[in-house]
Structure formats: structure tokens, C-alpha cells
Amino acid sequence: MTCPCSRSRFRWLRKFCSLLCVVLGCCSLPSARAQNLDKPLQTIDEEITAFAFASDGRIAYSVYRRLKTKLYELEHDDIWVQDASGKRRRLLEGQKFTRGSQPFSYMVDGFRWSPNGHFLLVQLLITTVQDDSGKGEDSFQTLLFDDSGREVRIAKGDNFIPGAANAAFLPDNNTIVYLSEAVKSLPLFSLKSTRLSTGSFPSPHEGRTFRDVAWLPGMNFAVAVEQDRSLSGPPRLQSLDVLSDSDKELATLDGYEGGLSVSPDRTKVAYFIDREVLEIRSLSSPNRLARVRVGLGILRWAPDESRIFLKRALEKKSGDIVWFSVPPLAPVSSGQEIPVSQPLPVPVLHGLTFREFAISPDGRLLAVVVPGKRSLLVFPLPLR
């Protein structure tokens, strides 16, 4: 049977239940949900800072590495790719990575594969030492490699996109779209574009500012949260053609806290309107939506869009992973009060906490990074 404490809203009680069940064998999860933490399908026993699945099951990942100089102790992560058989290839040795004359420290903040699985975008958070006082300046940059580890140069120039965050390849495997800081000290970004063959070109959405963008896989479209430069107006949910000035306003939002994510079949979008409530909205009929009180966290859609997996903590913080069913979407008219449901979260991996997690593109695998040593473990995705 399943212990009712394992579904408690109190984290300490869920953890206590998990430990007690392991020691005494007093209860167990149904076999479809059971996970054997001692026997993952894959293990990468390194200090992982970021990772991402490719469509064929390969995993790009970065490993924390220290670089000591006469004056500073810096972080220079290594970058690797591992295939499904466990064979690994290093793409970048961090201690040999240099740019310019100023010392800098960097950590890998994320990866994104191209649609054909041949190219890899690596987002770096870089801190550059500005003067002898050791004062640093932070920036996002994006590196490009192919899957064999060769640098991919844009228009035969650099393999570096300065100021680029949340970069992604469009279906042509040539065009890269990304966000660039638009307003200093505010969470506002402009949309930029470049091509491997010819370099940067003007964005049709120049002058507009966005809180967040979710690129639609296999399409030249994105769903974005737009807001004015003063943050005085409400956030607006937009559907954008990233290569033309074509757009469609989907909704004016009551708020936006983060987590913008489009379902795998591109029919729904989810986002947090505050630190407690997740809103799920139809993209084809934007007046159809649902709200659930689950608490702010990092979300991933199940491959059949019937469930959402949620790590109940912010990015780079440890939290337990649960899933809940996506509720039916109902039409809502202007001015109508929108009900907020509170689904029963189902714990994953015995309610233990993890630093990062991801679901493979084919929906078969769940990968987690454990706190502390930060090893990466890969399990079959829990069934219902």
C-alpha cells in the first residue's frame, strides 16, 4: 500500500515516511511508480553543474572545475557528452579555456541541442574581473560546438555569442534565436537572431521587451511574455513568428513570476502568475484555462501532456519532485473570477530532494542531480 504520509503537504513528514519505509519495509509505492535509487540506468559520478538530453538519448553535461591563479581561485567548468552506452567525450577542458587578457570565472548555466542533434549551444554565466580590487562584472554568453567537440564559428568568425541567453536553433539548424539584456537591472530582454552561415541580422521585433520566451520545437514560432520597459503595464502573453513581424496577443496576464513552458504537442502553455499559482492556458483557444495552487518551482511536461512534473524549489536549489494531473481547461470570460484548484501531488523518487531534473525528449527517462556531490542519475520515467 501507499503510506498517506508520503503525500503530506509537510516536507519533513514525507522525508520521515520515506526513510521509515526503507528501513522497516512497512509500505511501498505501487510498482508502476517504484524507483530503485540503488540501480539507476546511468550514473555520471561527477560534480555536475548543468546537463541536457539530446533526442537520441545522449547527455551533454558540465563538471565543476577550479582554476587557481596567483591572485584568484576561479571556476572553469569542463564540458562533456555521454552516449546511451556510457561512452564519454570531452568537448572543452575548462583550464585551457581563455578569452582576452582579463581573468574570468564561469559556470555552465545550461545546454540546448540543435534539432538535428549535431550542434550544441552552451550558456555560460561569466564573471570578469574588472580591476585590481577584484570587482567582477557578470554576463551571459553562449558557446557553440558540434557533437564531436569542434568549435562552430558564426560566419567563419567566433564560436561565441556575447550577451546571449536562452539561445535555441530554429528548424533549419542554421538560424539561432536568443535573448539579450534590454534594460540594466530589470528582467527585460530583447529578441535577437544570428545565422551560422551569414551572422547577425535585424530582428523583426526590435524595440520590444520581453520577460520570458519559450521557443516552439520544430517551428519558427515562440510564446513570449511581453512587458513595457518601465514595468508599469501588465504582462501580455504573445504568440510570435520570430522571423517576421507577425504576432498575436493571446492574453493579458494577472501577473508573471516565471516558468513559461509550452506542452510537447504545442497546444498549451503553463506559467506562474505568482509564487503559488500555476496558470495553464490553451494556445488555440486562449480563453480556456485552469489555475492550480502548487507553489513556485521548476516544471516539466510529461510527454502525453496529461501530467506536469514539478521540482518544488527554484533553479539551482534542492527540492523534492512531484507530479500532478493537468486539470481540464474551461472557458473564462472577462471579469470572471477564476477558480484555483489544489491537486494532490504524487511524490517521485520517494520524496527525496534533488538539485536539477529533466525528462528525455522521448519521455522514457528521468534524470536528476543529487545534492552535495551532485552526481547525475538516470531512471525510467515513473508511470501513473
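A charge is taken to sit over a ring if NZ of Lys or CZ of Arg is within 6 Å of the ring centre and within 35 degrees of the ring normal. In this predicted model, Arg195 lies over the face of Phe201, at 4.2 Å from the ring centre. Arg307 offers a further case, with its charged end over the ring of Trp323 and 4.7 Å from the centre of that ring.

Turning to the nonpolar interior, the largest core holds 21 residues, and the members that touch the most others are Ile79, Phe97, Phe111, Val122, Leu124 and Leu143. At least two residues of this core come from each of β2 (48-53), β6 (78-82), β7 (88-92), β8 (104-113), β9 (119-129) and β10 (136-146). The largest share, five residues, is supplied by β8. Apart from this core lies another, of 17 residues, and Trp323, Phe354, Ile359 and Leu366 are among them. For a view from one member of the 21-residue core, Ile79 is a handy place to look: neighbours within four places in sequence aside, Ile79 is in contact with Tyr61, Ser62, Arg89, Arg90, Leu91, Leu92, Val108, Phe111, Val122 and Phe145.

Aromatic pairs come next, and the structure holds four of them. In one, the ring centres of Phe97 and Tyr106 are 5.5 Å apart and the planes stand at 90°, so this pair is edge-to-face. Phe97 and Tyr106 are both buried. Through ring pairs, Phe97 and Tyr106 also join Phe104 in a cluster.

The charged side chains form 26 salt bridges. One of these links Arg65 to Glu46, with the closest N and O atoms 3.7 Å apart. Arg65 belongs to the loop between β3 (59-63) and β4 (66-68), and Glu46 to the loop between β1 (42-44) and β2, so the bridge ties together parts that are 19 residues apart in sequence. Both ends fall between the cut-offs of 20% and 50%: Arg65 counts as partly exposed because its relative accessibility is 30%, and Glu46 likewise at 26%. Arg66 and Glu73 also meet in a salt bridge through their side chains, at 3.4 Å from N to O.

The side chains of Arg153 and Glu151 form another salt bridge, with an N to O distance of 2.5 Å. Arg153, at 41% relative accessibility, counts as partly exposed, and so does Glu151, at 43%. Elsewhere, salt bridges with shared partners join Glu46, Arg65, Asp78, Arg90, Glu93 and Lys96 into one network.

Terms used. Residues numbered from 1 in each chain as written. Predicted model: local features only at pLDDT ≥ 70, side-chain atom pairs only at ≥ 80, totals over all residues. Heavy atoms only, no water. Core = buried A, V, L, I, M, F, W, Y, C linked by side-chain atoms within 4.5 Å. Buried < 20%, exposed > 50% of the residue type's maximum accessible area, 1.4 Å probe, protein only. Helix = DSSP H or I, 4+ residues; strand = E, 2+ residues; numbered from the N terminus. Contact = heavy atoms within 4.5 Å. Salt bridge = Lys/Arg side-chain N within 4 Å of Asp/Glu carboxyl O. Phe/Tyr/Trp six-rings, centres within 6.5 Å; stacked < 30°, edge-to-face > 60°.
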